[in-house]
Amino acid sequence: GIKMERQALSFIGEGLMTCKVKFINPFKDEEVECEALIDTGAELTVICQTIFEQFTVEEANLQKHGISTVNADEEDVHLYPFHISIPSGSWYKINSILTVVRDLTKREEYKAIVGIDFLRNCRLHCDWIRREAYLDI
């Protein structure tokens with residue numbers, strides 16, 4: 001069978017899982033590493049505005065969309081096609097994930113949210129009792 005790489009996840013609080021991720025600008029030679037929440041309930045990956053501002057972004061590559069939020073209000077959001085990588089093995093990478101730019105500064109534990117758009121390429125294993133979790137990629 002196919003050999004899979006394993007990435008351990010960290011727990012915060014009552015069971016939220018985080019992992020280091022690297023956002024890579026596909027148009028420039030730039031990358032920024034930060035802690036990210038692993039969120040199986042999020043359709044899209046999100047990057048904090050403060051992390052996003054560390055990149056050189058050309059307006060032409062930034063997309064604007066109306067996306068319905070949790071309370072069903074339409075909200076204008078900016079999307080950017082980052083390559084996203086996690087440390088497993090030799091930094092397993094998925095190209096061109098349209099990433100939402102949003103203010104996450106109130107979250108001290110993480111500066112990004114990895115959603116199903118990335119996670120659907122992985123197997124998530126979680127043991128809540130032992131507080132052990134990992135992604136197989």
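Reader: How many salt bridges does the structure hold?

Author: This predicted model holds five salt bridges. One of them joins arginine 6 and aspartate 136.

Reader: What makes arginine 6 and aspartate 136 a salt bridge?

Author: The rule asks for a side-chain nitrogen of Lys or Arg within 4 Å of a carboxyl oxygen of Asp or Glu. Here the closest N and O atoms are 2.9 Å apart, so the pair of arginine 6 and aspartate 136 meets the rule.

Reader: Which parts of the chain does that pair tie together?

Author: Arginine 6 belongs to strand E1 and aspartate 136 to strand E11, so the salt bridge links parts that are 130 residues apart in sequence. The two residues meet through the backbone pairing as well: aspartate 136 is the bridge partner of arginine 6 in E11.

Reader: How do you know that E1 and E11 count as paired?

Author: Pairing needs at least two bridges found by DSSP. Three bridges join E1 to E11, residues 132-136, so the two strands qualify. They run antiparallel.

Reader: What sheet do these strands belong to?

Author: They sit in an open sheet of three strands, in the order E1-E11-E10, with antiparallel pairing. From one strand to the next, the twist averages 20 degrees.

Reader: Why are E1 and E10 said to stand at the edges?

Author: Strand E1 (6-8) and strand E10 (123-127) each have a single partner strand, so one side of each has no neighbour in the sheet.

Reader: And why is aspartate 136 called buried?

Author: Buried means under 20% relative accessible area. Aspartate 136 comes to 8%, so it counts as buried.

Reader: What makes lysine 22 and glutamate 31 a salt bridge?

Author: Their closest N and O atoms are 3.4 Å apart, and the limit is 4 Å, so this pair counts too. Lysine 22 is buried, at 13% relative accessibility.

Reader: How do you know that aspartate 127 and arginine 130 form a salt bridge?

Author: Happily, the reasoning is brief: the closest N and O atoms of aspartate 127 and arginine 130 are 3.4 Å apart, which is within 4 Å, so the pair qualifies.

Reader: Why is aspartate 127 called partly exposed, and why is arginine 130 called exposed?

Author: Exposed means over 50%, and partly exposed lies between that and the 20% limit for buried. Aspartate 127, at 24%, is therefore partly exposed. Arginine 130, at 59%, is therefore exposed.

Reader: Now the cysteines. Why is cysteine 19 in no disulfide?

Author: A disulfide needs two cysteine sulfur atoms within 2.5 Å. For cysteine 19, the nearest cysteine sulfur is that of cysteine 122, 9.1 Å away, so the pair fails the rule. Seen from the other end, the closest cysteine sulfur to that of cysteine 122 is in cysteine 19, too far for a bond. The count of disulfides comes to zero.

Reader: Are cysteine 19 and cysteine 122 buried or exposed?

Author: Cysteine 19 is buried at 2% relative accessibility. Cysteine 122, with a relative accessible area of 14%, is buried as well.

Reader: What share of the protein chain counts as buried?

Author: Of its 137 residues, 42% do. The chain exposes about 8200 Å², and carbon and sulfur atoms supply 46% of that area.

Reader: What secondary structure does the protein chain have?

Author: There are three helices and eleven strands, and along the sequence they follow the pattern β-β-β-β-β-α-β-β-α-β-β-α-β-β.

How values were computed: Residues are numbered from 1 along each chain as its sequence is written. This is a predicted model: local features need pLDDT of at least 70, side-chain atom pairs count only at pLDDT 80 or more; totals for chains, interfaces and linings use all residues. Side-chain values use heavy atoms; hydrogens and water are left out. Helices (H or I, at least four residues) and strands (E, at least two) are DSSP runs, numbered from the N terminus. Axes are lines fitted to C-alpha atoms, for helices over the stretch in contact, and angles run from 0 to 180 degrees between N-to-C directions. Buried means under 20% relative accessible area, exposed over 50%, partly exposed in between (1.4 Å probe, protein chains only). Accessible areas come from the Shrake-Rupley method with a 1.4 Å probe; for residues, only the protein chains shown count as cover.
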